Amino acid sequence: MTDGARPATAPGGSPREAATHCPYCALQCGMTLRETGGRVEVLPRDFPTNRGGLCQKGWTAAELLDHPDRLTTPLVRDAGTGQLRPASWAEAMERVAGGVRAVQDRHGRDAVAVFGGGGLTNEKAYALGKFARVALRTRHVDYNGRWCMSSAAAAGNRAFGVDRGLPFPLADLGRARTLLMVGANPAETMPPLMRHVADQQAAGGTLIVVDPRATATARQADLHLQPVPGTDLALANALLHIALTEGYVDRAYVAERTTGFDEVRRTVAGYWPAEVERLTGVPVADLEATARALATAGGAIILTARGAEQHAKGVDTVTAFINLALALGLPGRPGSGYGCLTGQGNGQGGREHGQKADQLPGYRSITDPAARAHVAGVWGVSADELPGPGVPAYQLLDSLGTPAGPKALLVFGSNPVVSAPRATRVEGRLRDLDLLVVADLVRSETAELADVVLPTAQWAEEDGTMTNLEGRVLRRRAVRTPPPGVRTDLAIIADLADRLGAKAGFGDDPAEVFGELRRASAGGVADYAGVSYDRIDATGGVFWPCPDPAAPDTPRLFADAFPTPDGRARFRAVDHRPAAEEVCAEYPLRLTTGRVLAQYQSGAQTRRVPALRRAAPRAFVELHPDLAARLGVGDGEDVRVTSRRGELRAPARLTPTIRPDTVFAPFHWGGAARANSVTNDAVDPVSGMPEFKICAVRVERAQP
Ligand code: SF4
């Protein structure tokens with residue numbers, strides 16, 4: 001298959017049309033950008049993930065290109081007025097380089113940190129990690145993917161020896177006889193994915209959704225399990241308990257393809273369905289029906305997403321569902337398996353190429369001497385010069401400006417003032433820095449705090465690659481050049497590296513950077529050595545691992561073996577434990593946070609698009625009508641949601657689709673409605689993922 005790409009640059013040098021992908025979520029819907037008279041238009045493009053569909057965010061993505069809020073000149077904080085003012089690139093870059101040098105001279109190399117994003121292209125994520133390690137020579141680099149997929153990533157590595165969101169093409173969903181979605185709401189977060197679910201249901205398949213809210217996805221399900229937030233792990237163990245007692249376990253698969261089942265069997269023996277019903281609120285009959293549907297339908301896929309993962313026990317919760325999948329013999333079989341629905345546009349690739357605190361390109365461990373030697377060789381430096389592992393994102397942000405923490409931070413493609421947990425505290429840490437640099441396309445809430453803001457190119461203005469939720473490497477193609485005064489992230493990184501006297505070379509040509517990434521990833525778990533721009537152009541996308549340009553890529557993993565030392569998947573016994581913060585007399589309700597259809601992540605981009613603002617103009621707090629009546633709150637009236645860490649204020653939205661003991665708030669807004677003023681900064685001990693999905697709160701009618 002070819003992806004129908006026409007060259008981004010037409011004969012004569014004038015950009016006209018480009019086959020590319022949406023700038024937002026991990027579905028990476030195919031779209032064509034057409035530039036006519038300076039205006040860029042989005043057209044849907046048939047691609048295996050979206051089949052010609054786009055959601056409202058994709059349709060309107062080009063509206064940011066010429067938005068009046070767009071930054072087209074660097075900004076620096078004026079020493080006299082304390083305000084951000086326009087500056088030349090020379091002044092801004094020297095302010096950054098001089099500031100970095102001053103901080104490192106005074107406090108050491110680790111006093112400067114880098115914070116990246118899951119929306120950056122593979123080339124940028126790679127360059128950013130390399131920049132941190134060889135230009136700054138700091139161990140402190142991490143990214144906002146910790147907020148998103150890190151628990152599923154850790155669980156996947158632990159069980160399968162590899163972390164690829166979906167180990168099969170998305171179209172396999174349509175072949176699954178039973179589809180179990182846990183904490184996933186693609187009908188709102190990635191609507192075109194539901195075309196595959198529609199196929200599955202039209203073919204007589206069963207859709208089961210686990211979610212504390214009756215979401216748009218849950219309402220389409222044949223069976224909706226609505227557990228108390230924070231109890232998914234117990235629910236999964238109960239399903240495996242039932243599978244054992246009903247004789248559903250695939251004993252031949254377990255014996256031949258896995259290790260560690262005995263301990264799991266002993267652990268889940270204690271998860272009696274009746275007790276789990278009391279804990280989760282899910283009726284025994286529904287648990288039994290779910291186990292039966294998964295085991296007897298003749299093919300099942302289990303998917304987790306943020307609802308299961310964003311917990312202080314997120315890794316173990318995902319592990320419990322992987323245990324269930326393994327016991328039923330699902331991974332590696334056609335129309336079956338376990339997968340994670342990755343969230344951010346390049347959440348997958350972003351964690352493979354070095355912007356994570358403990359990783360080098362190719363998903364290599366930074367503590368592995370052989371991996372260090374290989375990557376150092378590609379970079380032309382000594383392995384001894386590479387720093388060791390840093391700390392996960394929240395730990396990094398929470399240490400900023402403290403005596404032992406970094407004093408300077410460079411942020412690329414992230415807005416932690418809105419997206420970080422316990423955001424008021426993070427905001428305070430950012431204010432304590434000696435130097436905060438933000439590279440972004442608009443004045444985000446984080447940019448407003450910066451000493452230097454660097455305006456960056458947008459997705460339609462630069463080439464590169466993204467790796468979607470299937471592990472398929474895709475081409476992002478420019479349809480026009482950035483406006484005057486704007487630079488690409490790669491150009492900014494290369495300029496800074498030069499000013500800091502980096503020994504290794506840094507380029508701003510995405511194709512050249514990708515060529516180097518291929519060499520750096522060669523031999524790693526996420527091996528891109530056989531992926532090239534030409535190959536993607538010819539095929540539409542290349543699934544990693546792909547070590548050989550002449551050999552096929554890998555759409556499906558695990559058919560014959562798992563990439564573990566003995567080729568077997570690893571069971572691991574996991575036990576339910578309470579949320580980091582349980583309800584009490586003072587904070588008697590649970591808050592869970594999430595997304596809405598018309599907004600994306602911290603909202604820095606989508607809140608500026610008129611059509612999206614009209615569709616989702618403001619934050620809200622979802623309450624069950626019974627709870628609202630008890631609190632004396634009417635629909636649309638402002639409520640105050642208070643936790644031990646802070647409060648948010650937003651209008652109440654009454655709906656019977658939520659449990660009466662739980663309230664919901666979307667996290668896309670800043671200011672008084674910022675959901676993350678309230679969220680808990682407890683993190684998973686393995687992945688560093690914060691517990692966004694549950695904290696104890698009090699809800700009151702706000703005084704006018
Ligand atoms: S589903 Fe995701 S990738 Fe597709 S158009 Fe919407 S935001 Fe873009």
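Which residues are around the ligand? In this predicted model, the residues around the ligand are C22, Y24, C25, L27, Q28, C29, L54, C55, K57, G58, M190 and P192. Sorted by the character of their side chains, the residues of this shell divide into 9 nonpolar, 2 polar and 1 charged.

Aromatic side chains were examined next, and the count of aromatic pairs in the model comes to 13. In the pair formed by Y126 and W379, the ring centres lie 6.3 Å apart and the planes stand at 65°, so that the arrangement is edge-to-face, the angle being over 60 degrees. Because Y126 belongs to helix 3 (residues 122-136) and W379 to helix 16 (residues 369-379), this pair ties together parts of the chain that are 253 residues apart in sequence. With a relative accessibility of 1%, Y126 counts as buried, and W379, at 4%, also counts as buried.

An aromatic pair is also formed by F160 and F562, and here the arrangement is stacked, with 5.8 Å from centre to centre and 15° between the planes. This pair, too, links distant parts of the chain, since F160 lies in helix 4 (residues 150-160) whereas F562 lies in the loop between strand 21 (542-543) and strand 22 (569-570), the two being 402 residues apart. Both F160 and F562 are buried, and together with Y338 and F558 they form one aromatic cluster.

The helix that carries F160 was then considered as a whole. Of the 11 residues of helix 4, 10 are buried, so this helix is largely enclosed by the rest of the structure. The buried positions are S150, S151, A152, A153, A154, A155, G156, R158, A159 and F160. These buried residues pack against helix 13 (306-309), helix 14 (314-327), strand 13 (337-340) and strand 22. Just after helix 4, the backbone at G161 takes a positive phi of about 80°.

Aromatic rings in the model also face charged groups. The charged end of R213 sits over the ring of F664, at 3.5 Å from the ring centre, and the charged end of R653 is placed over the ring of F620, at 3.6 Å from its centre.

Side chains of opposite charge can pair when their charged atoms come close. In this model the count of salt bridges comes to 48. In the salt bridge between E516 and K130, the closest N and O atoms are 2.7 Å apart, and the pair links distant parts of the chain, with E516 in helix 21 (residues 510-521) and K130 in helix 3, 386 residues apart. Helix 3 thus contributes Y126 to the aromatic pair with W379 and K130 to the salt bridge with E516. Both partners of this salt bridge fall under the 20% cut-off for burial, so E516, with a relative accessible area of 16%, counts as buried, as does K130, with 3%.

A salt bridge also joins E470 and R472, whose closest N and O atoms are 2.9 Å apart, and both of these residues are buried. In helix 20 (residues 489-499), R499 and D495 are 4 residues apart and are therefore separated by about one helical turn; they form a salt bridge in which the closest N and O atoms are 2.7 Å apart. The two partners differ in their surroundings, because R499 is partly exposed, with a relative accessible area of 29%, whereas D495 is buried, with a relative accessible area of 17%. Salt bridges that share partners join R499 and D495 with E94, R101 and R487 into one network.

Finally, the surroundings of a single leucine were examined. L430 is located in helix 19 (residues 423-431) and is buried, with a relative accessible area of 2%. When its neighbours within four places in sequence are left aside, L430 is in contact with L400, L409, V417, L436, T446 and L449. The C-alpha atoms of L430 and P416, which are 14 residues apart along the chain, are separated by 9.5 Å.

Terms used
Residues are numbered from 1 along each chain as its sequence is written. This is a predicted model: local features need pLDDT of at least 70, side-chain atom pairs count only at pLDDT 80 or more; totals for chains, interfaces and linings use all residues. Side-chain values use heavy atoms; hydrogens and water are left out. A residue is near a molecule or strand if one of its heavy atoms lies within 4 Å of it. Ala, Val, Leu, Ile, Met, Phe, Trp, Tyr, Cys and Pro count as nonpolar, Asp, Glu, Lys and Arg as charged, and the others, Gly among them, as polar. Rings of Phe, Tyr and Trp (its six-membered ring) pair if their centres lie within 6.5 Å; planes under 30 degrees apart count as stacked, over 60 as edge-to-face and the rest as tilted. Buried means under 20% relative accessible area, exposed over 50%, partly exposed in between (1.4 Å probe, protein chains only). A charge sits over a ring if NZ of Lys or CZ of Arg is within 6 Å of the ring centre and within 35 degrees of the ring normal. Contact means heavy atoms within 4.5 Å. A salt bridge is a side-chain nitrogen of Lys or Arg within 4 Å of a carboxyl oxygen of Asp or Glu.
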